[in-house]
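Reader: I should like to learn how features of a model such as this one are read. Please show me the structure, and let us then take the features in turn.

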Amino acid sequence: MLAGMGLVALAGVILATQDAAIKEMSARHSPIQIAFVRYGWHAVFVAAFLLATGKRGIYRTRILPLHLARAGLLMTASLSMFVAIAHIPLSQATVIQFLSPLVVTLLSVLFLGERIGWRRITALCLGFTGVLVVIGPGLGGADGPTLVWLLPLLSAFGAAGYVLMTRRLSGPEESAPAMALMPVLCFAALLPAQLVFWTPLTPADMAILAALGLSGTLAHVAIQIGMQAAPASILSPFLYSQVITAGLWGAVFFDDPMSAGFFLGTALIIGAGLAIWWIERPRPIP
């Protein structure tokens, strides 16, 4: 169990470090180009991992429409976040994005017909209140509303839909195609856009993007292996290491502001997420 906790926490650190690197590169290249190249490397590394572990037929599936929908949701989450962190503080964008566990609960009610009681409703309200506190008055803009602050929220909804789709594709026949097809489909979808957004990459840029593809693969593998070592209900809170790391990198490398509203909103969002985890954790059978 300790190994699983460590792997999930490590994945959070890796993902936050990825976002920091992407924020730095966004000053020179479009987030759409960054996502395109990153997905390409991710496709190479995840295919190599699956083949090395004896998987075969990694692109074979009987339910391609579900994989397409899942890839679309992931692109929505990724691109929204990449564009957001190019313009707003990394730490605040990451905190808002971590509303996704609450959004999963909300979407499960709307689309899966699940019922929630007053405790889950209270947690949802606290979480969305935390988002408003982190953003601040006027949607974060000193001179008026800045709609870019809504992009991390859109990312949270995309990530939540991606999680729900992943649950649908978690069976033994679809788990390998789910890992292998996702970056390939995202890469293919973003290919036409490169006619507009492509700019020359230096060898250093290509090396960084290759490292992002590799580290993204490692993060997903760490989560997958970690989830096999202990129940997801126990390990989920350890992914909040991404929030802590994003706050650290934001303060050190980007001089992100750390206001009282940021800490209060972060506490509300994380507290609401932990409350959902506590409510939904499996109970021992008496």
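Reader: How many of the residues of helix H4 (residues 90–97) are buried?

Author: This is a predicted model. To judge how covered a helix is, one applies a cut-off to each residue: buried means under 20% relative accessible area. Helix H4 is mostly covered, with eight of its eight residues buried. Among them are Leu90, Ala93, Val95 and Ile96, and the polar names Ser91, Gln92, Thr94 and Gln97 appear in the list of buried residues as well.

Reader: What span does helix H7 reach from its first C-alpha to its last?

Author: The general idea is to set the span of a helix against the value expected at 1.5 Å a residue. Helix H7 covers residues 151–168, which makes 18 residues, and its span of 26 Å is close to the expected 26 Å. Its buried residues include Gly158, Ala159, Ala160 and Gly161, as well as Tyr162, Leu164 and Met165.

Reader: How many salt bridges does the count come to?

Author: A salt bridge is recognised by a distance cut-off, a side-chain nitrogen of Lys or Arg within 4 Å of a carboxyl oxygen of Asp or Glu. The count here comes to two. In one, arginine 28 pairs with glutamate 24, and the closest N and O atoms are 2.7 Å apart. In the other, aspartate 205 pairs with arginine 28, with 2.8 Å between the closest N and O atoms. This second pair links distant parts of the chain: aspartate 205 belongs to helix H10 (residues 203–229), while arginine 28 sits in the loop between helix H1 (2–25) and helix H2 (31–52), 177 residues apart. Through shared partners, Glu24, Arg28 and Asp205 join into one network.

Reader: Is aspartate 205 buried or exposed?

Author: Aspartate 205 counts as buried because its relative accessible area is 5%. Its partner arginine 28 is partly exposed, at 38% relative accessibility, and glutamate 24 is likewise partly exposed, at 37%.

Reader: Which residues make the nonpolar surface patch?

Author: Here one looks for nonpolar side chains that are accessible and lie within 5 Å of one another. Leu195, Val196 and Phe197 make a nonpolar surface patch of about 360 Å². Valine 196 lies in helix H9 (residues 194–197).

Reader: Why does valine 196 count as exposed?

Author: The cut-off for exposed is over 50% relative accessible area. Valine 196 has 66% relative accessibility and therefore counts as exposed.

Technical notes. Residues numbered from 1 in each chain as written. Predicted model: local features only at pLDDT ≥ 70, side-chain atom pairs only at ≥ 80, totals over all residues. Heavy atoms only, no water. Helix = DSSP H or I, 4+ residues; strand = E, 2+ residues; numbered from the N terminus. Expected span 1.5 Å × (residues − 1). Buried < 20%, exposed > 50% of the residue type's maximum accessible area, 1.4 Å probe, protein only. Patch = residues over 30% accessible without salt bridge, like charges linked within 9 Å, V, L, I, M, F, W, Y side chains within 5 Å. Areas by Shrake-Rupley, 256 points an atom, 1.4 Å probe, with all protein chains shown as cover.
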